[in-house]
There are 2 protein chains.
Amino acid sequence: MKRNFIASALLAAAFSAGAAGISSPSGNLVLNVSVNDSGTPTYSLSYKGKTLVADSRLGLVADEMGFADNFTISATDTMTVDRSWEPVWGEYSTVRDHFRELAVTFTGGEPSREMTVRFRVFDDGLGFRYELPRQDNANYLTLRDEATEFNFTADHKLFCIPGDYDTDEYLWSETSFSGLPGALASYTGHTESQRSGGNTIQTPLLLKTDGPVYVNLHEAALDGYPAMLIDVDSDTYSMRTNLVPDRLGVRAYLQLPFNTPWRTLIVSDDARDILASQLVLNLNEPCKIEDTSWIKPMKFVGVWWEMFTGRVKSWAYSDDYRAKPGVTDYTKIEPNGHHPANTENVKRYIDFAAAHGIDGVLVEGWNEGWEDWCSYKKNRQFLFDKPYPDFDLPLLRDYAASKGVKLVMHHETAANAVDYERQLERAFQFMKDNNYDAVKTGYVGAIIPRSEHHTSQWMVEHVRHVIERAAAYGIMVDSHEAPRPTGLCRTYPNWLAQESARGGEFESMGGNPPSHTCILPFTRLKGGPMDYTPGLFETRLSHYGEGKDSQAGTTLARQLALYLTMPSPMQMACDLPENYERFPDAFKFIEDVPVDWADSRYLEAEPNQYITVARRDKNSDDWYVGAITDHNARKATIDFSFLPEGVKYLATIYEDAPDADWKENPQAYRIRTVTVDSRTRLKQPLAPGGGTAMRITKK
Amino acid sequence: MKRNFIASALLAAAFSAGAAGISSPSGNLVLNVSVNDSGTPTYSLSYKGKTLVADSRLGLVADEMGFADNFTISATDTMTVDRSWEPVWGEYSTVRDHFRELAVTFTGGEPSREMTVRFRVFDDGLGFRYELPRQDNANYLTLRDEATEFNFTADHKLFCIPGDYDTDEYLWSETSFSGLPGALASYTGHTESQRSGGNTIQTPLLLKTDGPVYVNLHEAALDGYPAMLIDVDSDTYSMRTNLVPDRLGVRAYLQLPFNTPWRTLIVSDDARDILASQLVLNLNEPCKIEDTSWIKPMKFVGVWWEMFTGRVKSWAYSDDYRAKPGVTDYTKIEPNGHHPANTENVKRYIDFAAAHGIDGVLVEGWNEGWEDWCSYKKNRQFLFDKPYPDFDLPLLRDYAASKGVKLVMHHETAANAVDYERQLERAFQFMKDNNYDAVKTGYVGAIIPRSEHHTSQWMVEHVRHVIERAAAYGIMVDSHEAPRPTGLCRTYPNWLAQESARGGEFESMGGNPPSHTCILPFTRLKGGPMDYTPGLFETRLSHYGEGKDSQAGTTLARQLALYLTMPSPMQMACDLPENYERFPDAFKFIEDVPVDWADSRYLEAEPNQYITVARRDKNSDDWYVGAITDHNARKATIDFSFLPEGVKYLATIYEDAPDADWKENPQAYRIRTVTVDSRTRLKQPLAPGGGTAMRITKK
């Protein structure tokens, strides 16, 4: 890790008469901090000379005391930091962390309290957090409110999803401050949904001003604290934090000293900068895992999509929904005969993975408990060390090893987090005993302990605990239905991916419009990689008969592009082997595409509309390009100036055929090769809902 | 295990026109079951020809459906069982389990439901439970109410404590149905108390009719279900179950098939039979632990009472209440200098135990977290594998082993049950790695998960989980602040003891009146052994100076008798070594007294007044006698006819001196020896608040 660390006590900060200020290294962003007449701390932020966030209040309110007024500024401290670090995996082999910092200490009140707000102003945005130091008059806080405001100045465009205590699996609204109430009214709930009520949305969210200036609002390093929702005042254009409470109404139990997560604003007038920003990762703590050699980015296939295809297939071994894990003798129960997680079928997936260089095979439905898994009305849903009788684990373990393929474990908890903890150490030991080193976790349903929500403080701590314990066993994790990511994968790089958004599975349940994957990289992905499950070649569910009519909002070629536009170190090839075998030349791209990158260049971007990105493989000199569009056809402009000058490359282009269309003709693709160099400019057509993927190798 | 199992389909049962009946083997108790005009199941119980429990309703009510009316009796099944079993430890080497059983199946309603109530009528009482079989129209139940009534027939005397969701550490009221409201109004709460409200009491409770007939009302085999409180109607003399809810109002989540705990009535006109009854154990499942050879009853001393004596001593290593376990560097924090769980002091206890043949040394305050342990306002209170810097575990482990003494672990959880589960497997492994095989657990404070109470369903399951996991590691458990025992120690005999009542520690906080230990064996002890912590030789807290004036309600000799009247396989000698060294001849009794018995004979008993019991050592032919009285002096009559005829024994009698008195002269005792045989009748004087202990060995 390379570090350039420059500290200065009197840098660019002005400090006089209860106010302080600092600018970003380039001067584009200027932050001002002061206290108002009530002694309430406020901040404002301008971008390129125009106010972006007007005076906005700061503070915390607890049962024991408030940290929101009667303050004066008692100290300020500034420094400039310019350092870089090397992630274990990611979009870049080296990340620059360059900011100016202003720490403002507020004191006052009776009895006297102290609070520091630490601001870091980067050229691509702002992060700030509350730091409650050890102090005489405060120890515990029963937090009722965080009073942080983000007071915008006009009726900006908003890209957002509803505020919800338990889920983020929504389609995105493109609306505005004034349009938000109507947009929110159009949503209906689903399995986990517990809407927060009010004019409330969640983060990461994106704003676009008339300028335009793009602003991603989120948080970084969410740990020991509830997730943040945002209350919106549609008349005043003000936003305000609304922390997810537990079911008894408490937001958080804190003990001092305590630092909150960072509140983050990624800001640029170039939409591509939002995608390229590493601000959230930079605000997270460095890696806490000493030896990371066992953390290996991977691709995997899985016994999974079969259960979504509309054929009568089931996670459960039996149709007897009264079976109780650990009680029912599954060796004697009647099997339903349509349980895909069986030995023969899993062997087929292992064979396929081995033949195509895919690292892993996920198997869902391998263990006792699926018969009535999403019940909430019982205190044990699953056993994590009891395979169903038709899943011959010793055989499959040895078979996978003989083929050089890794089985990927699945731990669906049905949101019974306490029972998962009850079994956790034994479950992880069971994994290691059986040669597994990656697990996909799931929390479908309402949370147990029943006092909690998916994103309340206790659950945030639960998931972090799972990640830490997994690291202790040398296990990589892909979390589903966990609190939305905030860059903690930097600190715990065994946390390869999360779902935490509406993923590819919804292509079987109404579909995801093409715009969906044009907004996720601007929002959800700023917290960390998503297990979106790209690679869907058979996009029409009607293919499987049985009257299912859902259709994916994508062409086949676009699915290849998603491996570039939705980068993840744990990337699925989600479709069935038999579908890949119908299109072996297209599948070649999935075989080839890396999941870890040395460099990334965002070439074109507009939220909800299009993204074009080029990435360099971390383990070779190959480049890859992915381009996607929304439901409109488009010509992507690919500027190859990222290539080293004077070197000829061969680009293998996987593109939509001229008559391709996500709805009418999704599987029409072409593969062609062209020679390119750093001076090449390519106008690449994309079909409606389409996309292009390229592999670029030295000639 | 000896089993005599006689089944008969048409034994003593009458079954006609919606009614059924059965009598106990001797005919003393007669049970009748019927359905009333609403189709509600009812039962009644008579004892020696007189109605004890008049027609009382039965039933369960869930959100999904009720099981409380619209029933007819569709089947009855009867059998007689006479078998015996051998407990791993206890009051008897063999326990007879002799009852007649009547299983009544109720069906009806739209959609049709089915419920069996299984009654077992013993000569010393009744047990019955609800059995909800697998059925087409019901799977999950969200239980809102159990409608079981116990309709008594007159204004009987009641011995009881208040209904409370979180504690049972109360002094006992001797009152009546009509006096109950006044009695309950006199109680004040304490640390864990969450009074249920209403005219509500908890079990085990004792009734005494004018007859007199004595009735202990409790439950057996509480597992997967909340603890039972009892609502009392002081006008109609009716009692009714009131299950402990979670904080969201649900009593239990059940999945069929499910059997509730047994509701138990121990009945006799001889108070001694209540003490001798093994009915609750008989209604529990047989031992589930295959190899029990590692389960060893034990006596122990401990670094514990020092913290109650009023000297400035502390469980905590430091007085810095802001220290955070796992965060604070305890090696650098300032020690308070009065932390008794330090290496030198523990060595002193080990030396003492070794010199006196005491098996174990409990050490409380050995681990990180005591600085602010009972906080509730944080999500981690303790670490169970981090000794304080002044507790040299490797040294003490080896020192104890060299002396043949076992260290006893302490796991105070501060009622954070989920965090205990989070650490549990590692905590138990840490114990085994350090040669511990017994643990005292504690749950002081309000429960986390915050949706739960100490005795709600989830916590009942939590504690059972801890016991099961302890068994998997070969660890014996003594649970404090856990749900009151219901005989599960038969099924899990590594569960040696529980507190679950107001114990000896309260002698330092106002004292326990002498009557307290004259009622506990009739009530609390029917569920299982209590870690009461007898052996207090220095009964005046003023001995320690510092202005503490609490005095124990006991003479010194009575403390010895408690080892007989409060039997437990994990029995403490609670006082300080230096106090025992002041009275070495009296301490000899504690050295000698066994903690596991071949036979027990209750010679005299009246609740709240006196108990005299004789017990035969399981590992020798020695007998022991203990006799206690309340605040009144008394002459116990000890009939030695339990001795084999014609054999001379030497009885060493530890008795109150003639001028002894619990308040004025508690330490006045005498030791004398007399020769006794089976024809001896001894009139043994007991001082006010006094007692006598005898060791009886063959001459």
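## Strand β38 and its partner

Along strand β38 of chain A, residues 681-686, the side chains alternate between two faces. Leu682(A), Gln684(A) and Leu686(A) point to one face and are buried, while Arg681(A), Lys683(A) and Pro685(A) point to the other and are not buried. As with everything described in this report, this pattern belongs to a predicted model.

Strand β35 of chain A, residues 634-639, pairs with β38(A) in the antiparallel sense, and six bridges connect the two. Within this pairing, Thr637(A) has Lys683(A) as its bridge partner; Lys683(A) belongs to the face of β38(A) whose residues are not buried.

## Strand β24, an enclosed strand

Strand β24 of chain A covers residues 262-268, and seven of its seven residues are buried, so the strand is largely enclosed by the rest of the structure. The side chains of Trp262(A), Thr264(A), Ile266(A) and Ser268(A) point one way from β24(A), and those of Arg263(A), Leu265(A) and Val267(A) point the other way. Residues on both sides of the strand are buried, Arg263(A) included.

Two strands of chain A are joined to β24(A). Strand β12, residues 125-132, runs antiparallel to β24(A) and is joined to it by four bridges; here Leu126(A) has Leu265(A) as its bridge partner. Strand β19, residues 214-220, is also antiparallel to β24(A), with seven bridges between them, and Val215(A) stands opposite Val267(A). Leu265(A) and Val267(A), the partners named in these two pairings, point to one side of β24(A) together with Arg263(A).

## An open sheet in chain B

In chain B, four strands form an open sheet in the order β8-β7-β13-β22, with antiparallel pairing. The edges are β8 (66-67) and β22 (252-255), each of which pairs on one side only. Strands of a sheet pair through backbone hydrogen bonds, either parallel or antiparallel.

Edge strand β22(B) is joined by four bridges to β13(B), residues 140-146, and the two run antiparallel. Across this pair, Thr142(B) stands opposite Tyr253(B).

## Contact between the chains

Chain A and chain B each contribute 40 residues to the contact between them. The area buried between the two chains is about 4000 Å², and carbon and sulfur atoms give 47% of this area. On the side of chain A, Arg322(A), Lys377(A) and Arg422(A) supply 21% of the area buried against chain B, more than any other three residues.

## Internal cavities

The model contains 16 cavities of 30 Å³ or more. The largest holds about 160 Å³ of space. Its lining comprises 18 residues, of which Pro485(A), Thr486(A), Leu488(A), Trp495(A) and Gln498(A) are the closest to the centre. Helix α7 (457-473) and strand β30 (495-498) of chain A each supply at least two lining residues. By class, the lining has ten nonpolar, five polar and three charged residues.

The second largest cavity holds about 90 Å³. Among the residues that line this second cavity are Leu222(B), Val460(B), Val463(B), Arg464(B), Pro483(B) and Arg484(B), and the lining also includes Pro485(B), Thr486(B), Leu488(B), Trp495(B) and Gln498(B). The elements giving two or more residues to this lining are α7 (457-473) and β30 (495-498) of chain B. Of the elements that contribute, α7(B) gives the most, with three residues. The lining of the second largest cavity divides into seven nonpolar, two polar and two charged residues.

Key. Residues numbered from 1 in each chain as written. Chains lettered and ligands numbered in written order. Predicted model: local features only at pLDDT ≥ 70, side-chain atom pairs only at ≥ 80, totals over all residues. Heavy atoms only, no water. 1 Å grid on protein atoms, 1.4 Å probe; cavity = no way out; pocket = protein on both sides within 12 Å on 5 of 7 lines; lining within 4 Å. Points joined across faces, edges and corners; volume = space filled by probe spheres on them. Nonpolar A, V, L, I, M, F, W, Y, C, P; charged D, E, K, R; others polar. Pairing = 2+ DSSP bridges. Buried < 20%, exposed > 50% of the residue type's maximum accessible area, 1.4 Å probe, protein only. Contact = heavy atoms within 4.5 Å. Buried area = accessible area lost by both parts, 1.4 Å probe.
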